[in-house]
Amino acid sequence: MKRVGIIALAIACCVSLLAAPVLADQTMDQIEKTGKIKLGFREGSIPFAYVDPKVGKHVGFSVDMAHLLAENLSKRFGKKIEIVPYTVTPKTRIPMVVNGTIDVEMGSTTYTQKREEQADFSMIFFFSETTFLVAKDSGITKLEDLNGKRVGAARGTTNLRAVEALAKQGKFKPRDIVVTETHPQGMLALKSGKIEAYSTDRSLLEGLRMKDQHPEKWMTVPFAIAYEPYAYIMREGNSDFRDFVNNTIIWSIKTGKFFELYDKWMGPNGVVPIPMSEAYRNYLQMMVYPISDGWWKK
C-alpha cells in the first residue's frame with residue numbers, strides 16, 4: 001500500500017506540473033474558446049471610460065484601447081473576438097477581476113502596491129493628480145480653504161484615502177468627508193450643495209465639469225494632494241494575457257495609434273482637453289521596448 005501511495009503521489013505531482021502551464025494561460029484559452037473578452041468599464045470616468053447617453057454605450061480613451069486589444073486578439077486567434085462590456089465601480093472593479101466576472105478592467109485605475117497584492121496590473125499609461133472640483137465663486141484656491149467645508153470622494157479610491165490621510169494628519173480640517181459610490185454621484189452632491197468640494201483625479205474632474213450643463217460654474221483648484229499613475233487590472237497568474245495587454249500598449253505607442261486616441265479624447269478638440277506634457281511624452285517613448293511586426297502571432 002505504501003508503494004501504491006508513493007506512485008499516486010508522484011502522479012498527482014506530475015498532473016499538477018502539467019496543469020500549471022494551462023492555468024498560466026487560462027484567460028487566453030478562454031478568450032480563444034469563447035471568441036469573447038469580458039471587459040470592465042466605468043460609467044463616469046470621463047474621458048477614459050464612461051457611458052455616453054447619446055449612444056447608450058461605453059466610450060472613451062480606454063474603451064478605444066480595449067478595441068485595439070480585441071483587434072489584436074482577433075489577429076492572434078484568426079477569428080473575431082467580441083467585447084462583452086460590464087459596468088464596474090471603484091468598489092467592484094478589483095473583485096470582478098479576481099472572481100473572473102471580467103478578464104480586464106480598462107479605465108482610469110491608479111496602480112498601487114496595495115492593489116498589486118490583489119491583482120496584476122499593466123504598464124502605466126497615464127499620470128494624473130488628485131485634486132478638487134469646486135464652484136468657481138467658492139473662493140477655494142488652497143488646501144486650507146477647505147477647513148470647515150464638506151468634501152466628498154468615491155468609495156474604494158486612492159483619492160478618498162488621500163483626503164482621509166491629510167485630514168488625519170491635520171493638514172486640513174474638513175467639516176465632514178462624504179463618501180459616494182461613483183463620480184457622477186459626487187458631482188450631483190456638489191451641485192446639490194451636499195458638499196463644497198469633490199475629489200478625484202484632475203483629468204476626471206475636468207471630464208465631469210465639461211459634461212455639466214454649466215461648466216463655466218466649476219473649476220479644479222490649482223493644487224494637488226497626490227499623484228495617480230493609471231494602469232489596467234488583470235487576474236494574477238495569467239502572464240501570457242498580461243504580456244498581450246502590455247504588448248498592445250507598447251505597439252500602440254510605437255505605431256502612433258496611442259497618440260491618435262489621446263488627441264481624439266484629450267487633444268485641443270477632445271472631450272476633455274489635457275495638454276500632453278513633454279515629460280509624459282518622453283516617458284511614453286522611453287517605455288517602448290523592441291517589438292517585432294506580427295508580434296500577436298502564436
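These legends accompany close-up views of two pockets in a predicted model.

**View 1. The largest pocket and the residues around its centre.** Let's start with the space itself: the largest pocket holds about 290 Å³. Its lining is made up of 17 residues. Nearest the centre of this pocket lie Phe126, Phe127, Ser128, Ile274 and Pro275, a good set to pick out before looking further.

**View 2. Elements that build the lining of the largest pocket.** Strand E8 (126-135) provides the largest share of this lining, with four residues. Helix H8 (202-211) and helix H11 (278-286) also take part, each supplying at least two residues. Sorted by class, the lining of the largest pocket has 11 nonpolar residues, joined by three polar and three charged ones.

**View 3. The second largest pocket, residue by residue.** Here the volume is about 250 Å³. If you would like to select the lining of this second largest pocket yourself, take Glu43, Gly44, Ile46, Tyr50 and Val51, then Pro184, Met187, Leu188 and Lys191, and finally Leu208, Lys211 and Asp212.

**View 4. Elements and chemistry of the second largest pocket.** Helix H7 (183-191) contributes to this lining, and with four residues H7 gives the most. Strand E3 (49-52) and H8 supply at least two residues each. H8 may look familiar, as this helix also supplies at least two residues to the lining of the largest pocket. By class, the second largest pocket is lined by seven nonpolar residues, four charged residues and one polar residue.

Key. Residues numbered from 1 in each chain as written. Predicted model: local features only at pLDDT ≥ 70, side-chain atom pairs only at ≥ 80, totals over all residues. Heavy atoms only, no water. 1 Å grid on protein atoms, 1.4 Å probe; cavity = no way out; pocket = protein on both sides within 12 Å on 5 of 7 lines; lining within 4 Å. Points joined across faces, edges and corners; volume = space filled by probe spheres on them. Nonpolar A, V, L, I, M, F, W, Y, C, P; charged D, E, K, R; others polar.
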